[in-house]
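User: Please take a close look at how the helices pack against one another in this structure. I would also like to know how far the coordinates can be trusted.

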Amino acid sequence: MTPPAFLELIVSLSLQVTVIIGISRWLMHAVDPAEQGHRQWAACHLTLLAVTATAVLLPHLRLLPHSLITDRVEIVDAAAWQQFIGQLLLFLWLAGAAVSLLTLVLGCCETVRLVRRARPAPSLEQLLRTEGPPADRLPGDVQLLVSDEVLSPFCWHLQAPRLILPTSIIELTHDELRAVVRHELAHLRAGHALQLLLQRMVEVLYWFHPLVLWSSWRAELSREFYCDRAACRNAVETAAYLRSLLQLAEIEAQRPSRGSLGIGLVSSPSQVRLRVEQMLRGRSMAAAPRKRAGLGFVVFVCAAVLASLLWLPVDVGATSRSAWSPWPSWTANALRTFDITLRDYEVDGHRLRPHEQATHTPPFTR
């Protein structure tokens with residue numbers, strides 16, 4: 001990929017990401033944030049990865065023709081600037097993505113180290129497996145561990161489901177401990193570890209995009225809303241859970257280094273405040289019609305497909321020539337009638353040179 005082609009790629013994808021995240025935020029008004037919010041943001045992050053892969057690997061429609069740019073600029077001068085800016089952006093993106101990926105890998109390694117150094121708690125595990133209602137008991141496939149190195153409970157599901165509790169957990173009452181366990185088990189049952197992995201992958205690719213960082217914060221908050229509701233089924237359980245949450249937040253003077261894929265109970269103070277407000281607000285939106293959520297999903301899919309067509313004609317050296325295309329020839333010719341072209345796979349592996357663009361209009365082929 002040439003620097004001008006990367007410039008066009010990164011600018012167009014940034015616009016597509018903005019549109020998709022904006023649509024996801026708008027659709028959050030149609031669902032219960034404590035019930036479907038975590039699924040909505042997971043679908044958003046999965047869509048961002050799919051749109052990125054499609055933009056890099058597959059041909060796609062161009063709603064905006066390159067004539068919008070080439071008819072208004074000097075091709076040679078614009079190509080020189082695009083070469084310089086494209087190289088600079090490519091270097092900056094690679095550096096940022098490498099740092100983000102390294103941070104993710106180091107975080108995972110730190111979490112694996114914490115999990116391996118945690119020790120079993122047979123008496124506590126036996127208590128949680130046998131006592132209480134069947135729905136609250138610790139499942140047989142989940143291993144319970146305790147650690148002196150963490151200040152907040154978290155779950156880990158990279159190799160096998162594990163629940164790691166800090167030693168300070170013994171300060172909680174039995175009801176408060178049950179509430180904490182219900183919260184962490186809700187993370188495991190909802191597949192939040194996979195959702196968090198998708199989120200981290202998007203953060204690596206779009207480390208520079210402020211809306212991606214904002215959507216990650218909203219996704220984390222939505223996952224906590226969902227698990228808070230699972231831990232609080234009535235007023236008594238809500239009171240016990242709030243006591244445990246506030247006590248753990250007070251114990252955790254600083255955020256524990258539990259890695260990038262460990263899902264913990266206590267997050268930042270601002271998130272704790274929002275979670276408490278959400279729990280006190282109750283289930284005001286819990287009865288939202290399922291049809292609204294289903295309609296929102298259809299709207300989101302259609303909007304994401306349209307957003308993937310927002311390809312800005314930045315690269316003045318782009319061409320419609322292609323050695324291969326998955327599109328049938330009659331489809332390509334029909335689209336050409338409406339001045340819609342497909343992303344090309346160059347004949348010789350390079351974009352047309354500016355002087356060739358200025359003197360020759362390439363034919364539209366398969």
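Analyst:

**Helix packing and model confidence**

This is a predicted model, with a mean pLDDT of 77 over the chain and 73% of the residues at 70 or more. Confidence is highest in helix α7 (residues 192-205), at a mean of 92, and lowest in helix α13 (residues 354-359), at 46. The chain holds 13 helices and 7 strands. Of its 366 residues, 49% are buried. Among contacts with a separation of 6 or more, 79% join residues that lie 24 or more positions apart.

Two helix pairs are described here, beginning with the one that involves α7. Helix α2 (residues 37-57) crosses α7 at roughly 45°, and the two axes come within 9 Å. An angle of 35 degrees or above, but below 65, falls outside both the parallel and the perpendicular ranges, and α2 is therefore oblique to α7. The crossing of the pair is left-handed. From α2, the residues H38, A42, H45, L46, L48, L49 and T52 take part in the contact, and they meet H192, Q195, L198, Q199, M201, V202 and L205 of α7. By class, this contact comprises 8 nonpolar and 6 polar residues, with no charged residue.

The second pair is formed by helix α6 (residues 174-189) and helix α8 (residues 210-231), whose axes are 8 Å apart and make an angle of about 130°. Angles over 145 degrees would count as roughly antiparallel and those from 65 to 115 as roughly perpendicular, so α6 and α8 are likewise classed as oblique to each other. Their crossing is right-handed. On the α6 side, the contact is made by A179, R182, H183, A186 and H187, while α8 contributes R223, E224, Y226, C227, D228, A230 and A231. The contact of α6 with α8 divides into 6 nonpolar, 2 polar and 4 charged residues. Charged residues are thus present between α6 and α8, whereas the contact of α2 with α7 has none.

As for the limits of the model, two stretches call for caution. Over residues 284-289, pLDDT stays under 50, and the model has 6 contacts beyond four places in sequence for them. Residues 320-324 also stay under 50, and for this stretch the model has 21 such contacts. Where pLDDT is low, predicted coordinates should not be read in detail.

Conventions:
Residues are numbered from 1 along each chain as its sequence is written. This is a predicted model: local features need pLDDT of at least 70, side-chain atom pairs count only at pLDDT 80 or more; totals for chains, interfaces and linings use all residues. Side-chain values use heavy atoms; hydrogens and water are left out. Axes are lines fitted to C-alpha atoms, for helices over the stretch in contact, and angles run from 0 to 180 degrees between N-to-C directions. Helices (H or I, at least four residues) and strands (E, at least two) are DSSP runs, numbered from the N terminus. A crossing is left-handed if the near helix is turned anticlockwise from the far one by less than a right angle, and right-handed if clockwise. Contact means heavy atoms within 4.5 Å. Ala, Val, Leu, Ile, Met, Phe, Trp, Tyr, Cys and Pro count as nonpolar, Asp, Glu, Lys and Arg as charged, and the others, Gly among them, as polar. pLDDT is the predictor's confidence in each residue, from 0 to 100. Buried means under 20% relative accessible area, exposed over 50%, partly exposed in between (1.4 Å probe, protein chains only).
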